[in-house]
Structure formats: structure tokens, C-alpha cells
Amino acid sequence: MPLRQPTKFVNFETFSGKLSGTLVPTHYGYMSVKNTVYVIGGLAVLAGVIALLMPQERADAISTSFKRSTGDVGILCLDHIRGKLKDPESAKLLDTTVTKQSVDQKVTIRYKAKNSYGAYTTSEESCVFAKGKIDESGTKLSQTLDKLAKEEVCLEEQMKNRRNGADPVTLSVKFAACMAE
């Protein structure tokens, strides 16, 4: 099969250094290159103005919706944990870390959301993905292991404080603060 020659749509002949008679095909006929540049430039300026005038919440919602539709694991994990939040609509994804584990992926997200008092707090959660979907049992196991590792660190700190002669009330307060981090 012979190769097709590319079709020429634009005549690049110049007259006095300017494009003259150069036409670009459109659905409605032909338009000059100069007018095409003006139309594209105008659309770019219009898009920029719209982006500047759009409220940040709306821009974030559009970005989140796009990420959700493309299967972004951070957004999917945040959607999975929204049910545990006091104000699910206030949740905003801050950071996503993906760790490959044999076949599965462990996704750790940092997010902020409103608490019972209406103040934003930052938290961290993990989800396990198997074959592109959240694995409930793997997620629960991962969260339990993360919590146990955190308790181990806090208990080691508590033992160190106890050896240094801290009173029981101070030990309890420091342990609670360590677990809340």
C-alpha cells in the first residue's frame, strides 16, 4: 500500500513579509491564519479570566472530580474514609504516598477536615489497593499495624520518661499526646 502524501491545508506563500491569502480550513469554510491566531488568543485570554474569577472551592471541586474520574488512588482512599469524618464535605487531600507491597499498593494520605468544633485538623490514614480496588481486609490490617507501631513508639517514650522520674499524671498526658500526633 503506497504511503499517502500529507494534505496541505495552509498556503505558506508570503507577500511583502506578511501572510497573504493563507487560509485555514474550518467546519464552516476557510478562515485566514491571522483571524485564527486572534480567535485562539481570545479563547486563551477568556480561559485565563475565567480561571482567575472562579472561586477556589469550585476549582478544587473540579480538580477532585477529575482526579476521581481518572482513578487517583489518593482521592479514592479519601472517599473511602469520608464516612468516619464529622464533616465529610470539608475533607481536602494534602499529600499522597504510595508504597508497593508485592501485589498490593499501600496508599497513605494526609488530609485536613473539620472536627466537631468546626476547626480544621490534619490527619493521616492508609488504604490498601488490590487489583485497582480498595481491599477492606488489607486496609484494616494495615491500619491496625500502623496503630501498633505508633503505640510501640509512644510506650518506649513513656518508659524513658518513667526512668527519668516523671509522675503518673505527666506520663498519661504525654502518652495521650503522643498517640494523638
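**Figure 1. Ile 109 stands opposite Glu 125 of strand 7.** This is a close-up from a predicted model. Glu 125 has its place in strand 7. Strand 7 covers residues 120–130 and pairs with strand 6 in the antiparallel sense. The two strands share 10 bridges. Another facing pair links Val 107 with Cys 127, again in strand 7. Strand 6 and strand 7 form a hairpin, with 5 residues between them. In the turn, Gly 118 has a positive phi of about 85°.

**Figure 2. Four strands make an open sheet.** The strand order is 5-6-7-8, and the pairing is antiparallel. Strand 5 and strand 8 are the edge strands, each pairing on one side only. Strand 8 covers residues 133–134. Strand 5 takes in residues 92–101, and strand 6 takes in residues 104–114. These two run antiparallel, joined by 9 bridges. Asp 95 has Arg 110 of strand 6 as its bridge partner. In general, strands of a sheet pair through backbone hydrogen bonds, either parallel or antiparallel.

**Figure 3. Glu 125 meets Lys 84 in a salt bridge.** The N to O distance between the two side chains is 3.4 Å. Glu 125 lies in strand 7, whereas Lys 84 lies in the loop between helix 3 and strand 5, so the pair ties together parts that are 41 residues apart in sequence. Is Glu 125 buried or exposed? Glu 125 is buried, because its relative accessible area is 18%, under the 20% cut-off. Lys 84 counts as exposed, at 52% relative accessibility. Leaving aside neighbours within four places in sequence, Glu 125 also contacts other residues, including Ile 81, Val 107, Thr 108 and Ile 109. Tyr 111 and Gln 143 are among its contacts too.

**Figure 4. Asp 146 and Lys 106 form a salt bridge.** Their side chains meet at 3.0 Å, N to O. Asp 146 is in helix 4 (residues 136–163) and Lys 106 is in strand 6, so this pair ties together parts that are 40 residues apart in sequence. Lys 106 is buried, with a relative accessible area of 15%. Asp 146 is partly exposed, at 32%. Side chains of opposite charge can pair when their charged atoms come close.

**Figure 5. Asp 79 and Arg 82 meet in a salt bridge.** The N to O distance is 3.0 Å. Asp 79 counts as partly exposed, at 26% relative accessibility. Arg 82 counts as buried, at 17%. How many salt bridges does the structure hold? The structure holds 3 salt bridges.

**Figure 6. Helix 3 spans residues 73–81.** At the start of this helix, a side-chain oxygen of Asp 72 reaches to within 3.1 Å of the backbone nitrogen of Gly 74. Which residues of helix 3 are buried? They are Val 73, Gly 74, Ile 75, Cys 77, Leu 78 and Ile 81. An α-helix has 3.6 residues a turn, so residues three or four places apart point the same way.

**Figure 7. His 80 touches Cys 127, Ile 134 and Glu 136.** That list leaves out residues up to four places away in sequence. His 80 lies in helix 3. His 80 is partly exposed, with a relative accessible area of 30%. His 80 and Cys 127 are 47 residues apart in sequence. Their C-alpha atoms are 8.4 Å apart in space.

**Figure 8. Val 39, Leu 43, Leu 46 and Ile 50 make a nonpolar surface patch.** The patch covers about 360 Å². Ile 50 lies in helix 1, which takes in residues 33–53. Ile 50 counts as partly exposed, at 45% relative accessibility.

**Figure 9. The chain holds 5 helices and 8 strands.** This view sets the close-ups in context. From the N terminus on, the elements run β-β-β-β-α-α-α-β-β-β-β-α-α. The chain has 181 residues, and buried residues make up 18% of them. The exposed area is about 13,800 Å². Carbon and sulfur atoms supply 59% of that area. Among contacts with a separation of 6 or more, 29% come from residues 24 or more positions apart.

How values were computed:
Residues are numbered from 1 along each chain as its sequence is written. This is a predicted model: local features need pLDDT of at least 70, side-chain atom pairs count only at pLDDT 80 or more; totals for chains, interfaces and linings use all residues. Side-chain values use heavy atoms; hydrogens and water are left out. Buried means under 20% relative accessible area, exposed over 50%, partly exposed in between (1.4 Å probe, protein chains only). Contact means heavy atoms within 4.5 Å. Patches are made of residues with over 30% relative accessible area and no salt bridge: like charges are joined within 9 Å, nonpolar side chains (Val, Leu, Ile, Met, Phe, Trp, Tyr) within 5 Å. Accessible areas come from the Shrake-Rupley method with a 1.4 Å probe; for residues, only the protein chains shown count as cover. A salt bridge is a side-chain nitrogen of Lys or Arg within 4 Å of a carboxyl oxygen of Asp or Glu. Two strands pair if DSSP finds at least two bridges between them. A polar contact is a pair of N or O atoms within 3.5 Å; within protein, one must be able to donate a hydrogen and the other to accept it, and residues adjacent in sequence count only if both atoms are side-chain atoms.
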